[in-house]
Amino acid sequence: MAQQQRRDFEQRPSPEALLEAARRESSSAGRLKIFVGAAPGVGKTYEMLQSAHARRKAGVDVVVGMVETHGRAETDALLQGLEVIPRKRILYRDQMLEEMDLDALIARHPRLALVDELAHTNAPGGRHPKRYLDVEELLSRGIDVYTAVNIQHIESLNDVVAQITHVRVRETVPDSVFDRADAIELIDLTPDDLIQRLKEGKVYVPKQAERALEHYFSPGNLTALRELALRRTAERVDEQLLTHMQANAIAGPWAAGERILVCISEDPRAAGLVRYTKRLADRLHAPWTALSIETRRSLRLSDEETDRLVDTLRLAEALGGEALTIPAVGRRIADDIVGFAQANNVTQIIIGKSTRSFWFELTRGSVVHDLVRRAGNISVNVIAGEELAADPVPKKTVRTAERHEPFHPWPHLMALLIVAIGLGAAELIQPLFGIENVDLVFLTAVVAVAVRYGLWPSLLASVAASLSYNFFFLPPIYTFTITEPTNVAAFFFFMLIAVLVSNVAARVRAQADTAIGRVRTTELLYAFSRKLAGTATLDDVLWATAYQTALMLKVRVVLLLPEDGVLTVKAGYPPEDQLDKADLAAANWAWDNDRSAGRGSDTLPGAKRLFLPMRTGRGLIGVIGIDNDKTGPLLTPDQRRLLDALVDQGALAIERVLLVEDMDRVKRTIESDRLRSALLTSISHDLKTPLASVLGAASTMRDLSSGLSDTQKRDLLATVIDESERLNRFIANLLDMTRLESGAVMPKTAPHDVGEIIGSALHRASKILVHHKVSLELDADLPMLQLDAVLFEQALFNLLDNAAKYAPPDTMISIRGWQDKNFVTLQIVDEGEGIPRAELENVFDKFYRAQKGDHVRPGTGLGLAISRGFIEAMHGTISAGNRADRSGAALTIRLPIPAASNALDTAA
């Protein structure tokens with residue numbers, strides 16, 4: 001009967017799963033379905049529209065909020081018959097952008113809304129910066145949503161995709177959005193079929209398709225992205241399956257995918273068992289968990305055995321598994337293991353072969369045999385001990401302080417006092433209720449002592465209560481002599497029950513104390529992890545690690561990291577900048593040998609501090625040193641295990657910050673190499689052209705001067721002067737960009753009239769603009785601006801030079817200026833072909849040159865980049881766009897009006 005009751009209890013639904021199911025059912029929020037693809041062009045939008053048509057035929061109110069067809073005819077055809085919400089037009093940087101009209105869609109409130117491109121970034125001015133936030137608002141208002149996303153846009157996979165494709169995707173969707181989806185549909189297409197669609201022009205236009213085939217859409221890239229999409233979708237489906245099983249109390253396994261559970265204990269072979277499971281999980285591509293069952297026996301483990309168990313769990317985490325410790329709730333450990341395995345859909349259990357004797361297993365049972373009998377459909381792999389004996393966890397090389405529990409008489413005196421109070425109560429109730437109830441009073445006193453003061457005072461209370469019961473209540477009273485055989489039995493059983501009850505109560509108290517201590521430690525570690533997660537700089541991480549370690553262990557802490565090949569003190573608590581020679585030698589030995597050194601260790605024990613290596617999966621990160629004013633070993637075994645946890649968290653946080661710094665360094669190196677390459681290109685080509693013209697003209701004048709007319713000589717001299725000025729501009733641009741890159745540009749601002757600076761720039765650019773008409777359209781009352789006249793004139797000159805390059809001869813170049821609230825806006829517009837929409841954000845990049853015909857004279861591609869740098873240095877902005885009234889580019893500068901000018905205008 002007890003076994004049946006336990007089975008019924010284990011088969012109850014998971015409370016967490018039931019709460020999640022209830023939340024979904026009771027919530028008025030809409031349901032989200034995501035169509036996932038490995039790459040653009042696999043047919044996500046097409047499949048989403050087909051599903052929408054099927055829902056519409058079933059009577060569901062379907063509305064298209066935003067669908068991007070990308071000009072694909074078959075996708076356009078599927079929009080026919082569906083209601084489409086008109087898009088909202090937003091003016092941004094002189095160009096009109098179209099976005100989903102969220103307010104109109106909410107007001108329409110359909111049952112199902114189609115919202116394509118989940119990772120899209122909305123134009124400034126919308127309610128939300130990202131489209132997935134629009135989707136979340138639609139869901140919160142009870143509207144179901146169909147949406148589509150490519151796997152490279154999932155936040156957690158961003159780095160993996162960048163490593164595979166060498167393309168960093170800027171628009172990402174948090175994993176939480178993907179995980180909250182009620183349904184995931186994977187749209188799969190083989191790489192060969194997708195490449196064929198690309199060649200047929202069904203994904204991109206021909207020129208884009210050629211570039212995509214050369215870079216992103218290679219067969220290797222597509223295969224890797226396809227595997228990522230399959231795996232990420234499978235993970236989500238597996239989570240949904242597990243939640244369904246837990247919510248409906250379905251006993252596993254449902255072997256839709258492999259899940260491995262390894263059972264570990266304090267046995268020296270447990271580390272080998274973990275490594276075996278890691279190898280098996282890698283072969284099966286399966287998640288795995290290392291599980292330890294905490295029983296009453298766990299509290300009686302020696303420090304060495306506890307250290308071994310904790311280190312084995314840490315090893316499992318280091319190898320990529322999940323490490324868990326759960327309390328025993330059943331009479332048999334096998335029942336707890338099977339219950340956990342069924343609740344988590346485990347398909348294979350790994351356990352080591354027992355080395356216990358036959359007599360031990362006969363009297364106390366065998367976990368292995370019980371597990372095999374109770375596992376049901378779960379496979380149980382029993383691994384022989386010989387296979388694991390060679391893989392133990394290394395022993396600790398640091399001596400820890402022995403546990404000293406000084407004797408305190410107060411608890412024992414209180415135990416005797418409580419028994420005396422119980423004796424008084426027994427004397428009072430004995431005439432009323434008889435001797436049969438007196439023993440209950442003494443048992444109550446024993447339990448109270450055990451709960452409050454622990455085992456030894458409760459045993460003393462048991463003896464005192466038994467003697468008092470004999471002396472005061474068993475005839476002949478006031479003697480320890482017992483004459484009646486029945487009273488002998490009563491006394492014996494009373495003493496036995498008192499000892500057992502005190503033992504059980506004391507054990508419960510010890511478990512409660514252990515649990516409370518563990519909760520406190522866990523809370524502190526959790527707070528420490530949150531603090532580390534919120535730090536972004538190395539100094540903050542080091543300070544937080546040193547402070548938390550000193551606070552929790554009551555020690556002094558120093559942290560050392562390598563710097564230029566030398567181990568250097570980076571942080572300490574209290575702040576400590578100096579180490580003596582012995583400590584420095586111990587720290588360097590710990591770093592070089594990846595082992596502890598210094599006080600209390602086997603190596604250099606004469607040092608003042610104990611130094612421990614800080615390591616992660618990538619290797620050594622640094623060294624931590626601790627000391628205090630006490631003599632002997634620094635830490636108890638529990639403190640040593642806590643230090644290991646603190647060091648692990650700190651090392652991971654330090655590694656995270658160092659990785660970010662490495663990535664920034666790599667980006668800077670790549671940018672530097674790109675600039676160097678572009679600079680060499682400019683020097684070898686763009687600067688060579690004017691030099692060749694100068695040399696040619698000078699050589700002609702030297703060798704043929706006698707045969708040249710005065711007009712020809714003037715033309716050759718003009719060529720020399722023009723090309724020299726052009727060369728001077730190129731060199732000036734290179735120098736200006738060098739100043740911008742080094743941060744040496746410090747504007748010397750003063751109040752200036754914009755019209756005067758524009759006039760100076762036009763005069764300087766007169767030769768460049770000789771073949772163009774120039775129109776100046778400035779408002780008459782433009783206020784004075786805080787400008788660096790030299791920098792602003794150079795910025796205007798570069799913009800005029802750019803307009804003269806790209807605008808055909810005899811066309812108009814206009815300079816317009818007006819006041820817009822607290823800004824003055826200047827705009828330089830031409831009558832050329834304009835800037836392609838895809839290049840609007842790139843024209844200000846260094847060394848970027850737009851596609852142009854042969855009539856356009858070459859340049860370094862630095863002019864607009866320099867203009868942006870100078871304008872932004874004066875707190876302005878510059879943007880590129882196209883004219884709305886005709887073809888042509890429009891470069892717009894916005895400069896803030898000083899507060900003093902605003903005040904004067906207001907007063908006027």
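In this predicted model, the axes of helix H18 (residues 438-453) and helix H19 (residues 455-473) come within 8 Å and cross at roughly 165 degrees. Because angles over 145 degrees count as roughly antiparallel, H18 is roughly antiparallel to H19. The crossing of H18 past H19 is right-handed. On the H18 side the contact is made by Val-438, Asp-439, Phe-442, Val-446, Val-449, Ala-450 and Tyr-453. H19 contributes Leu-455, Pro-457, Ser-458, Ala-461, Ser-462, Ala-465, Ser-468, Tyr-469 and Phe-473. By class, the contact of H18 with H19 has 12 nonpolar, 3 polar and 1 charged residues.

The count of aromatic pairs comes to 4. Two of these are listed in the table.

| Pair | Centre to centre | Angle between planes | Geometry |
|---|---|---|---|
| Phe-35 and Tyr-146 | 5.6 Å | 75 degrees | edge-to-face |
| Trp-543 and Tyr-573 | 5.4 Å | 70 degrees | edge-to-face |

The pair of Phe-35 and Tyr-146 links distant parts of the chain, 111 residues apart: Phe-35 lies in strand S1 (residues 32-37) and Tyr-146 in strand S7 (residues 144-150). Phe-35 counts as buried because its relative accessibility is 0%, and Tyr-146 is buried at a relative accessible area of 8%.

The pair of Trp-543 and Tyr-573 also links distant parts of the chain, with Trp-543 in helix H21 (residues 538-553) and Tyr-573 in strand S15 (residues 566-573), 30 residues apart. Trp-543 is partly exposed, with a relative accessible area of 41%, and Tyr-573 counts as partly exposed at 30% relative accessibility. Ring pairs join Trp-543, Tyr-547 and Tyr-573 into a cluster.

Notes:
Residues numbered from 1 in each chain as written. Predicted model: local features only at pLDDT ≥ 70, side-chain atom pairs only at ≥ 80, totals over all residues. Heavy atoms only, no water. Axes fitted to C-alpha atoms, helices over the stretch in contact; angles between N-to-C directions. Helix = DSSP H or I, 4+ residues; strand = E, 2+ residues; numbered from the N terminus. Parallel < 35°, antiparallel > 145°, perpendicular 65-115°, else oblique. Left-handed = near helix turned anticlockwise from the far one by under 90°. Contact = heavy atoms within 4.5 Å. Nonpolar A, V, L, I, M, F, W, Y, C, P; charged D, E, K, R; others polar. Phe/Tyr/Trp six-rings, centres within 6.5 Å; stacked < 30°, edge-to-face > 60°. Buried < 20%, exposed > 50% of the residue type's maximum accessible area, 1.4 Å probe, protein only.
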